[in-house]
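Student: I'd like to zoom in on one contact here and then follow the side-chain pairing outward from it. Could you take me through it slowly?

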Amino acid sequence: MNCVELFTQKAKEHPERTAIWLSPTEQISFAELLHQGGKAQVTLRKMNLKAGDSLLLLETLTPQLYAIICAALGMGVSVILVEPWMPVTDIEHVINLVKPKLFVTRWWGYLWGLRVSSIRHIPRWMHVTNLFKESTSDFKAESVDPQIPGIITFTTGTTGKPKGVRRNQGYLVDQYHALDHSLGLSKHDGPDMTLFANFALANLAAGRTSVIVNPKWKKTQLEHIFALPKEQQPVTLTTGPAFLLELFKYQNILPELKSIHVGGALTDTWIFKEAFKRWPKSQFLHLYGSSEAEPVAHADAREAVSFSEGKGYFQTLFVGHPASEIQSKFEDTGLWVTGPHVCPEYIGNAEENKKNKHKDSEGHVWHSMGDRIVSDEKGWWYSGRSQQSLEDFELEQQVYAFLKSSKAFLHKSRTGLCLVGENLSGKELEIRKTFPVIQAVHEAKIIRDRRHRARIDRLQSLKKAGLHDL
């Protein structure tokens with residue numbers, strides 16, 4: 001098997017269809033993506049890369065990024081991706097751990113390499129454009145072991161050491177089928193507008209066009225998307241709650257949307273309700289998952305909002321029912337899940353594996369979501385991170401409803417429970433009178449988690465406000 005076969009089959013069925021759209025001048029068809037991937041494979045074979053080898057890829061969001069990933073996966077070569085903001089010492093650790101045979105980058109990668117000695121020890125370096133200089137383009141999807149790593153993404157772990165999230169070839173296939181089953185990717189024939197660059201791989205497997213939003217949410221790019229001709233307008237949107245807020249700045253946009261997929265369990269109910277007004281005929285799906293297990297559960301967003309408001313919650317905490325591919329168990333440490341699209345153990349971080357991974361007697365890897373999930377007759381409910389008490393989480397929801405804002409959080413300081421958040425000045429007495437258990441109120445700008453824009457980064461918020469020593 002080879003996970004790229006999902007893409008090559010669709011490329012043959014719809015060769016002229018746009019595969020990746022980034023701007024009016026940066027787009028590529030399925031046929032051209034296959035052609036460019038084939039040219040890259042010719043170059044990689046000449047460099048003696050083979051199944052089981054790995055390459056380090058540092059490239060911005062371009063069509064070439066996807067051509068390189070498809071080329072490598074088709075050969076059974078693992079693609080190593082590293083967060084560029086990771087500290088140098090962590091990058092050193094990662095490179096020494098995986099020992100890639102090739103570093104593919106543009107000019108800024110060479111500057112990166114000057115800072116990191118382990119990168120200078122990678123045997124071969126190549127500029128992205130040089131991968132595509134061959135005149136022939138013999139694309140092949142070689143049969144490989146499903147357990148061979150396909151994409152390995154290194155991110156900063158909670159223990160302070162980088163962790164490698166390994167997406168094996170078989171995992172990538174299983175994840176696509178799980179996403180297709182939950183979201184109905186293959187049921188829609190038009191483009192998907194997505195915030196998530198990695199989600200474009202699932203769209204490729206479904207034969208769908210990915211209209212990928214630049215991570216900076218540039219106004220010019222968004223205006224180009226809104227101005228696309230009717231036949232190229234996105235029919236689905238895969239997003240997070242923060243980007244929905246961005247879209248509310250525009251009027252009468254994306255009229256062709258049939259389905260909107262919103263990830264995260266912390267979307268304010270009012271955001272969904274405003275979106276329902278904007279796109280009254282669209283289906284809305286509320287998704288729950290993580291980078292190691294996606295999707296885990298899903299719900300009709302209108303139902304999720306109704307159920308959540310029925311309990312007095314300010315946020316949409318009803319997450320529905322688990323995906324059919326997921327097995328789950330509830331522990332004191334939170335929800336644990338396993339399934340064919342749950343990533344195996346981390347690479348290079350024994351502490352994270354001990355904390356968040358467990359292999360049972362049958363060899364199944366269980367992953368800790370780190371979340372408290374409560375189940376009732378309606379389905380699953382998100383009830384906070386496992387390290388936060390249920391009482392504090394419920395109190396936060398009451399505070400949000402009182403403030404009509406979720407830009408705040410409770411923090412247990414040395415002097416007692418305090419509330420930290422935005423636009424609290426002048427409300428201290430009223431807050432403490434309404435919630436006597438809160439001992440102090442502190443004004444602070446709320447910082448959202450870099451990869452999960454709905455979730456508050458509590459530590460960074462405290463640091464930015466100079467409150468980290470409370």
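At what relative accessibility does Glu142 sit, and what does it count as?

Tutor: Glu142 has a relative accessibility of 30%, so it counts as partly exposed (buried is under 20%, exposed over 50% and partly exposed in between, with a 1.4 Å probe and protein chains only). Before going on, keep in mind that this is a predicted model, where local features need pLDDT of at least 70 and side-chain atom pairs pLDDT 80 or more, while totals for chains, interfaces and linings use all residues. Residue numbers start from 1 along each chain as its sequence is written, and side-chain values use heavy atoms, without hydrogens or water.

Now for the partner. The side chain of Glu142 meets that of Arg45 in a salt bridge, at 4.0 Å from N to O (the cut-off is a Lys or Arg side-chain nitrogen within 4 Å of an Asp or Glu carboxyl oxygen). Arg45 counts as partly exposed because its relative accessibility is 25%. Glu142 belongs to the loop between β6 (124-127) and β7 (149-156), whereas Arg45 is in helix α2 (residues 30-46), so their contact ties together parts that are 97 residues apart in sequence (helices are DSSP runs of H or I with at least four residues, strands runs of E with at least two, numbered from the N terminus).

That bridge has company, as the structure holds 20 salt bridges. Another one pairs Lys50 with Asp53, whose closest N and O atoms are 3.7 Å apart. The two ends have unlike surroundings: Lys50 is partly exposed at 47% relative accessibility, but Asp53 is buried at 8%. Also on the list is Glu377 with Lys378, where the closest N and O atoms are 3.9 Å apart. Here Glu377 counts as exposed, at 68% relative accessibility, and Lys378 as partly exposed, at 35%. Some bridges share partners, and in that way Lys50, Asp53 and Lys101 are joined into one network.

Lysines turn up over rings, too. Lys329 lies over the face of Trp366, 4.4 Å from the ring centre (for this, NZ of Lys or CZ of Arg must be within 6 Å of the centre and within 35 degrees of the ring normal). Likewise, the charged end of Lys357 sits over the ring of Tyr346, at 4.8 Å from its centre.

On to ring against ring: there are 16 aromatic pairs in the structure (Phe, Tyr or six-membered Trp rings with centres within 6.5 Å, stacked if the planes are under 30 degrees apart, edge-to-face if over 60, otherwise tilted). One of them is Phe103 with Trp112, a tilted pair because the planes meet at 50 degrees, with 6.3 Å between the ring centres. Phe103 is buried at 0% relative accessibility, and Trp112 is buried as well, at 8%. Phe226 and Tyr250 make an edge-to-face pair instead, 5.0 Å centre to centre with 65 degrees between the planes. This pair links distant parts of the chain, 24 residues apart: Phe226 is in helix α9 (residues 219-226), and Tyr250 is in the loop between α10 (241-247) and β12 (259-263). Both Phe226 and Tyr250 are buried. Going back to Phe103 and Trp112, those two form one aromatic cluster together with Tyr110 and Trp125.
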